[in-house]
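Here is a set of questions and answers for a student who is learning to read a protein model. Please keep the structure open while working through them.

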Amino acid sequence: MAVAGHEMEHHTTTGIDHRKLLMWIFLASECLFFGALISTYLIFRNDSIVGPYPDEILNIPVTSTSTFVLLMSSLTMVLAVYGAQHGRVVMMRTMLLATIVLGIAFLGFQTYEFRSFGAEGLVPSTNQFGATFFVLTGFHGTHVGVGILYLTSLLLASFRRTGLGRERALHVDIAGLYWHFVDIVWIVIFTIIYLMPQH
Amino acid sequence: MATAVGAIAHTEEHSGLWSWLTTVDHKKIGALYGITGFCFFLLAGLEAVMIRTQLAVPNGTVLDADVYNQFFTMHALTMIFLAIMPMGASFFNYFIPLQIGARDVAFPRLNALSYWIFLSGAIILTSSFLFGGAPNGGWFGYTPLTDRQFSTGTGLNFYVVGLLILGTSSLMASLNFAVTIINLRAPGMTMMRLPVYMWMTLVVSFLLILSLPVLTVGLIQLLFDRMFGTNFFIPEQGGDPILWQHLFWIFGHPEVYVLILPSMGIVSEVLPVMSKKPLFGYSAIVFAGAAIGVLGFAVWSHHMFTTGLGPVPQTFFSASTMAIGVPTGIKIFNWLGTMYGGNIRFTTATYFSVGFIALFTIGGISGVMHASPPIDGQHQDSYFVVAHIHYVLFGGAIMGIFSGIFYWFPKMTGRFLDETLGKICFWIMFVAMNVTFFPMHFLGLAGMPRRIYTYDAGLGWDTWNFVATIGAYGIAVGVLVFIVNFFLTMRKPMTATDNPGTAPRLSGPRPRRRRSMTSMSSRRCTTATRSGTCVTTGWRFRRSRSTCTCTCRRPRTTRSSWRWGRRCSVSARSRTSRLPGSALS
């Protein structure tokens, strides 16, 4: 009976854990969130009345570097999930830490970029580019920040006496879904803002 | 309120105030949503009565222009976000686990968090009256009127922040409901055996999950415009006010279906039981509901025909709006087909359901009229539109919710609402509703714009405005009759059984009370218990008795249920009329 009760706890209709399914559906919602922000950017792309305009101010080499940093964080995230799934706790912790560090580095690049734009006279209220750029990349940065807190909580929890528990792999896997999503969104944002030619 | 506490608290050991503040039980949270929603329903109704009092005679002096603007804005916001949606969430909370055979929702603590965030958002939004004035830009807050140029007070900030908080709550609740229905069904409860009410809940959840983020983006941009000097919606600086309309209505039109689909689900539950027939065309009604969900995302610009979209978008949105009338019509004919030839029991729940069909059809037809851009251009911002929205939301959503209250009250509290008072309540509300809102069609066609706080005599609007105001008082009386009914009923003893006189009685031993629920809004009469799903294979009608009997002969199992081993073998052997879960409870 106890075994049956135990099975009952973990039985789901689809076989997917509730928390994982929740994350998938939540990410669908997030697609619409970033979709609306990116659409706004595209609508106002050529509507800035005063400068600085994007082609004058965007520093593509620096942002390419930060994009590379964020892409590498996806690699370390995958390795962290691998470590969690195969019981290699040290690898999991190391890779979680690496992901966190890379995420913080990305935010550092973003802070540097925001500050240098501010120094050159571009703030959200300057023109349509400023408004859409800062809101879009700012909310992406916020998502990265939330992801860093999420991963940090997992990392700290893994040092408890019981570690991350029996569902260690699941916890890290779900965090990985979120992290990869934030990464993919950045690739779209980077392509649209930095790589697509203006006009 | 205190009496309702005692009735529902049977599921937990404690029923004190602390247990209500800390509860994660879906039934208690459902009760919290219901009671809170009904209180805000009364508040929004009070605002409506004030509005109608102001408009009763030409040059009314009850409210001044600014207060009037606050009242009509808060009436809409309160009704939509703080009354109809939470009352829907109340039934969702209570009946999702029962109808799919789950112990609780998938994330009980998230569920409690959703409620408390909802309550704080509701308090923040409503408290704006005390802090320098409520929002006054209409519930869809069109820019640039609501932007920093023309709205300098704090009211619109409460609007933005309040809706952001309420949106967070709705998103969390919807994610929870969607995961629960997809992932926590009892063995044998396949998607095409789900009661229609569960299908409608699932569609509503996905509508909210996919539309709320767009509203969030719009609100954030409006907040940045108002607080941080951006120019998203200010045309002089390169912004575009029409963008707000797009973002709002991409949320706003699915939201309309969020309000009406739960009531459609309730009617689909009530009518088969009251007609003693299975639901007519189960799969048609399910696919129609899903089609409404999909098409609901493709019609938003019909709110914006007068903004000059150009011929191609106008043609597209006109066609898609007409198309969404088709699945709605399918549902109406399904309900009529369900009642046709049935042995109909005229309970109060039946009255409200039939009232729903009649009034919603009127509102639906005036809605399809506006699918035509030339006609829409004539009706835009007139009282005709006010008549349309109230036929759909009062005649539709509220009538459906009242039907659900009368139908499910015994299940939720163990007590039957008084039928005589219920029918009095229905007739007063039904007649008064038509007296209030039907004249608004005439007012609109006579050129009366919506949202004006007063008007001069001699414009031909005096008579119908006065009639509409009388009707509004009538609705208030009807609601008062319901409140009296509620408090009288809560003093009575609990006499209701598991499927209290509303659903067909299953022969054989019943599973434990409040742990299962029989629904006839499926292909077969379906009873979900935590350990399995009982699906009837035959129907017997006994016209002489007040309930029909459906016999559960052989619970069908699906592949997933084989994992249950012991229980499955019990259910597979039972060729008698026993429920699979009954031995366990």
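Two residues are in contact if their C-beta atoms, placed from the backbone, lie within 7 Å. The model discussed here is predicted.

Q: What percentage of the contacts in chain A with a separation of 6 or more is accounted for by residues 24 or more positions apart?
A: Chain A has seven helices and zero strands, and read along the sequence it follows the pattern α-α-α-α-α-α-α. Counting the contacts of chain A with a separation of 6 or more, the share that comes from residues 24 or more positions apart is 82%.

Q: What percentage of the residues in chain B is buried?
A: A residue is called buried if 20 or more other C-beta atoms lie within 10 Å of its own. In chain A, which has 199 residues, the buried ones make up 35%. Chain B, with a secondary structure of 16 helices and six strands, has 585 residues, and its buried share is 57%.

Q: Which helix gives the largest share of the side of chain A that touches chain B?
A: The contact takes 30 residues from chain A and 33 residues from chain B. On the chain A side, the elements that give two or more residues are helix H2 (18-43) and helix H6 (128-157) of chain A. The largest share, 14 residues, comes from H2(A).

Q: Why is Leu77(B) counted as buried?
A: Leu77(B) is found in helix H4 (residues 65-100) of chain B, and, leaving out residues up to four places away in sequence, it touches Leu125(B), Pro135(B) and Trp139(B). A residue needs 20 or more other C-beta atoms within 10 Å to be buried. Leu77(B) counts as buried because its number of C-beta neighbours inside 10 Å is 29.

Q: How far apart in space, C-alpha to C-alpha, are Leu77(B) and Leu125(B)?
A: In sequence, Leu77(B) and Leu125(B) are 48 residues apart. Leu125(B) is one of the buried residues of H5(B), and what covers those buried residues includes H4 of chain B. The C-alpha to C-alpha distance between Leu77(B) and Leu125(B) is 8.9 Å.

Q: Within what arc do the buried residues of H5(B) fall when seen down its axis?
A: The buried residues of H5(B) include Asn111(B), Ser114(B), Phe118(B) and Leu125(B). On the other side of the helix, Arg109(B), Ile123(B) and Ser127(B) are exposed. Seen down the axis, the buried residues of H5(B) line one face of the helix, because they fall within an arc of 130°.

Q: Where does the largest nonpolar core lie with respect to domain 1 and domain 2 of chain B?
A: The largest nonpolar core has 207 residues, and among those with the most contacts inside it are Ala178(B) and Ile209(B). Ala178(B) touches Ile209(B) and also Ile25(A), among others. Domain 1 (2-490) and domain 2 (505-573) of chain B both give residues to this core, so its place is between them.

Q: At which residue does the kink in helix H13 of chain B lie?
A: Helix H13 of chain B covers residues 383-413, and 30 of its 31 residues are buried. After H13(B) comes Gly414(B), which has a positive phi near 85°. The kink, of about 45°, lies shortly before the proline Pro410(B), at Tyr407(B).

Notes: Residues are numbered from 1 along each chain as its sequence is written. Chains are lettered from A and ligands numbered from 1 in the order in which they are written. This is a predicted model: local features need pLDDT of at least 70, side-chain atom pairs count only at pLDDT 80 or more; totals for chains, interfaces and linings use all residues. The bend at a residue is the angle between axes fitted to the seven residues ending there and the seven starting there. Helices (H or I, at least four residues) and strands (E, at least two) are DSSP runs, numbered from the N terminus. A residue is buried if 20 or more other C-beta atoms lie within 10 Å of its own, exposed if 12 or fewer, and partly exposed in between; C-beta atoms are placed from the backbone. The arc is that of the directions from the helix axis to the C-beta atoms. A nonpolar core is a set of buried Ala, Val, Leu, Ile, Met, Phe, Trp, Tyr and Cys residues joined through C-beta atoms within 7 Å. Domain bounds come from an automatic or database domain assignment.
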